[in-house]
There are 2 protein chains.
Amino acid sequence: MFDAVFKALAAPTRRQILDVLRDHPATTSDLCNRFPALDRCTVMQHLKVLADADLVIVQRKGRERWNHLNALPIKRIHDRWIGPYAAHAAEVIDKLDLALS
Amino acid sequence: MFDAVFKALAAPTRRQILDVLRDHPATTSDLCNRFPALDRCTVMQHLKVLADADLVIVQRKGRERWNHLNALPIKRIHDRWIGPYAAHAAEVIDKLDLALS
DNA sequence: ATAACATGTTATATTTATATAACATGTCAA
DNA sequence: TTGACATGTTATATAAATATAACATGTTAT
């Protein structure tokens, strides 16, 4: 269910792309300028992975392709997946506190 | 910084292992019984990735190896990484509400 | 002591992800 | 309309993740 999103977030380059898009949408060549170490094809492949995970929404405008961040899948993981783990961490810390007192 | 954790969470099998460990610690053979489709070596490799990301803490007891969940790295991602994205999602929704009213 | 058990180690096959190269299409602006 | 630009497509090389196999060590219970 969250698999595509987790996989998309696994690569540091893709998280960096999301960081850039959080500030404002960007065209693909904007992104290529931001990541001069990467080939344009590499950037596009990463964008495809992000778009497949619905983390990036693409809007074509003339000859430009505007890439927009969609943070909802991340919020969804936050709401439905992380909760129980955060609770587990809190529980362990509580037990530790209790043991120390 | 969070890279090892994100990478560790990327594989569905590893997330399933964490789900099991959230209920209670388990020995490696417990886990192998829970995942009969996987070879024991595969389970151990996944545990190594999880342990390297500090998501699993290993405690040796005699001939058994007890694997404990450590949810703190997940809580850390929650606290320091997800926040800005959740804010972005909320902001977009607010703008949408405003546009509709 | 010894057989069954639980785990550890090393090597390797298979699959998947990452990064480029080469070429193609569509768009804008002078 | 034509040259520069932005993007798309297909193929391929390289690196990394995933899954097993074969063998080894240490531990427990009888």
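This text walks through two surfaces of the structure, the one between chains A and B and the one facing DNA strand D. The model is a predicted one.

Start with the protein–protein interface. On the side of chain B, 23 residues make contact, and they meet 25 residues of chain A. The size of an interface is often expressed as the accessible area lost when the parts come together. Here chains B and A bury about 2500 Å² between them. Carbon and sulfur atoms make up 73% of that area.

Polar links cross this interface too. Two salt bridges are found between chain B and chain A. One of the residue pairs in a salt bridge is B:R15 with A:D3. Their closest N and O atoms are 3.0 Å apart. Across the interface of the two chains, five residue pairs are in polar contact, both residues at pLDDT 80 or more.

Which elements of chain B give two or more residues to the side that touches chain A? They are α1 (3-10), α2 (12-23) and α5 (72-100) of chain B. The largest share comes from α5(B), with eleven residues. By class, the side of chain B that touches chain A holds 15 nonpolar, two polar and six charged residues.

Now turn to the DNA. Strand D is surrounded by 22 residues. The closest are A:S29, A:R40, B:R14, B:Q45 and B:H46, so named from both chains. Of the atoms of DNA strand D that come within 4 Å of the protein, 60% belong to sugar and phosphate.

Three residues illustrate approaches to phosphate oxygens of strand D. In A:S29, a backbone N or O atom lies 2.7 Å from a phosphate oxygen of the strand. B:R14 uses its side chain: an N or O atom there is 2.8 Å from a phosphate oxygen of DNA strand D. For B:H46, a polar side-chain atom is 2.7 Å from a phosphate oxygen of DNA strand D.

Where do the residues near strand D sit in the fold? The elements that give two or more residues to this surface are α3 (28-34), α4 (40-52) and β3 (64-69) of chain A, together with α4 (40-52) of chain B. The largest share, four residues, comes from α4(B). By class, the surface near DNA strand D has nine charged, seven polar and six nonpolar residues.

Technical notes
Residues are numbered from 1 along each chain as its sequence is written. Chains are lettered from A and ligands numbered from 1 in the order in which they are written. This is a predicted model: local features need pLDDT of at least 70, side-chain atom pairs count only at pLDDT 80 or more; totals for chains, interfaces and linings use all residues. Side-chain values use heavy atoms; hydrogens and water are left out. Contact means heavy atoms within 4.5 Å. Buried area is the accessible area (1.4 Å probe) that two parts lose on being put together, summed over both. A salt bridge is a side-chain nitrogen of Lys or Arg within 4 Å of a carboxyl oxygen of Asp or Glu. A polar contact is a pair of N or O atoms within 3.5 Å; within protein, one must be able to donate a hydrogen and the other to accept it, and residues adjacent in sequence count only if both atoms are side-chain atoms. Ala, Val, Leu, Ile, Met, Phe, Trp, Tyr, Cys and Pro count as nonpolar, Asp, Glu, Lys and Arg as charged, and the others, Gly among them, as polar.
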